[in-house]
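Subject: Handover of a structure and notes on what was found in it

Dear colleague,

Please find the structure below, together with its sequence. My notes follow it, arranged by topic so that each can be read against the display.

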Amino acid sequence: MCNPNNPNGKMFTEEEIKIIVDIAKEKNVHLISDEIYSHFSYDLKYISLSNYIDQYKNIYIMNGFSKAFAMSGMRIGFIATTNKNILNLIEKLQQNITTCTNSIAQYSLIDFDKASLKIKEMVNYYKQNREIVRQSNSSFAKYKPEGGFYYFIDLKEFDINNSVEFSRYLLENHKVAVVPGLAYGDNFGSWIRISICQDKLILKKGVSRINTCIYNYRDRN
């Protein structure tokens with residue numbers, strides 16, 4: 001599970017998380033929680049599966065510094081679990097593939113514990129960006145993400161069923177890049193993902209072009 005979710009920004013409530021943990025325990029399955037967007041909660045209180053890590057040994061928390069600390073290219077992360085057997089296997093794999101974190105990335109994290117104010121500023125900025133997308137089209141409001149970086153929109157209500165074709169048309173004719181929904185499963189062929197991690201002026205221009213493209217694309221024939 002990914003909480004907050006990529007691509008749709010869904011955040012799991014405490015009740016939902018308890019149900020998921022109970023099912024995992026009943027079925028004796030491994031529960032991996034990707035919490036890389038944990039700092040980016042806009043409306044709800046963020047709840048981590050780390051609260052349940054002592055109750056069930058097969059819970060694994062995956063997190064890192066790529067998103068909250070604006071270190072996407074550094075790829076520094078960590079795993080937390082009480083399952084020592086799995087942890088030992090992970091360690092063996094990591095030692096033989098990457099050996100250790102490169103020195104540039106290590107230096108980038110020297111003052112990471114002093115960045116809390118900057119993170120709050122960034123979260124507030126993205127929250128404002130979320131509103132830019134929401135207000136750009138009345139149909140976008142119902143897709144407003146609760147957390148994360150992205151707006152996930154279904155174009156079917158605009159009579160657009162092929163988001164791969166639409167995304168290519170948008171890029172070639174309006175110079176805006178989005179991610180087609182098929183990247184997240186066969187059931188999302190009419191969806192697109194829009195990133196809100198952008199300068200406000202650029203984002204406003206981008207969503208304006210997306211809205212123009214929606215109507216141009218639909219009426220092109």
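**Peptide bonds ahead of the first helix**

Pro4 belongs to the segment before α1 (residues 14-27). Please bear in mind throughout that this is a predicted model. The bond that leads from Asn3 into Pro4 is cis, and its omega is near -10°. Pro7 is found in that segment before α1 as well, and the peptide bond between Asn6 and Pro7 is also cis, with omega about 25°. These bonds are worth inspecting because most peptide bonds are trans.

**Positive phi angles**

Most residues other than glycine have a negative phi. Which values of phi do Asp159 and Lys175 have? For Asp159, which is not a glycine, phi is positive at about 65°. Asp159 sits in the loop between β4 (150-154) and α5 (163-174). Lys175, likewise a residue other than glycine, has a positive phi near 60°, and its place is in the loop between α5 and β5 (179-180).

Are these residues buried or exposed? Asp159 has a relative accessible area of 61%, so it counts as exposed, the cut-off being over 50%. Lys175 is exposed too, with a relative accessible area of 61%.

**Strands β1, β2 and β3**

Strand β2 comprises residues 59-64 and is mostly covered, since five of its six residues are buried. Strand β2 pairs with two strands described here, β1 and β3. With β1 (residues 31-34) the pairing is parallel and runs over four bridges; Leu31 stands opposite Ile59 of β2. With β3 (residues 77-80) the pairing is antiparallel, again over four bridges. In that second pairing, Asn63 has Phe78 of β3 as its bridge partner.

**The largest pocket**

Rolling a probe the size of a water molecule over the atoms shows where empty space is left. The largest pocket holds about 690 Å³ of space. It is lined by 20 residues, and those closest to its centre are Asn63, Arg75, Ile76, Gly77 and Phe78. Asn63 and Phe78, the bridge partners noted above, are thus found again here, among the residues closest to the centre of this pocket.

Which element gives the largest share of this lining? It is α2, with four residues. β2, β3 and α2 (84-97) each supply at least two residues of the lining. By residue class, the lining consists of nine nonpolar, eight polar and three charged residues.

**The second largest pocket**

The second largest pocket contains about 280 Å³ of space. Its lining has 17 residues, of which Val176, Ala177, Ser195, Gln198 and Leu203 are the closest to the centre. Two or more lining residues come from each of β6 (191-195) and α6 (200-219). The largest share, seven residues, is given by α6. This lining divides into 10 nonpolar, three polar and four charged residues.

**Where to look**

When you open the model, I would suggest viewing Asn63 and Phe78 together, as they are paired across β2 and β3 and are among the residues closest to the centre of the largest pocket. The cis bonds at Pro4 and Pro7, and the positive phi angles at Asp159 and Lys175, may then be viewed in turn.

With kind regards

Notes: Residues are numbered from 1 along each chain as its sequence is written. This is a predicted model: local features need pLDDT of at least 70, side-chain atom pairs count only at pLDDT 80 or more; totals for chains, interfaces and linings use all residues. Side-chain values use heavy atoms; hydrogens and water are left out. Buried means under 20% relative accessible area, exposed over 50%, partly exposed in between (1.4 Å probe, protein chains only). Two strands pair if DSSP finds at least two bridges between them. On a 1 Å grid over the protein atoms alone, a cavity is a set of points where a 1.4 Å probe fits but cannot get out, and a pocket is an open set with protein on both sides within 12 Å along at least five of seven lines; lining residues have an atom within 4 Å of a point. Grid points are joined across faces, edges and corners, and a volume is the space filled by probe spheres set on the points. Ala, Val, Leu, Ile, Met, Phe, Trp, Tyr, Cys and Pro count as nonpolar, Asp, Glu, Lys and Arg as charged, and the others, Gly among them, as polar.
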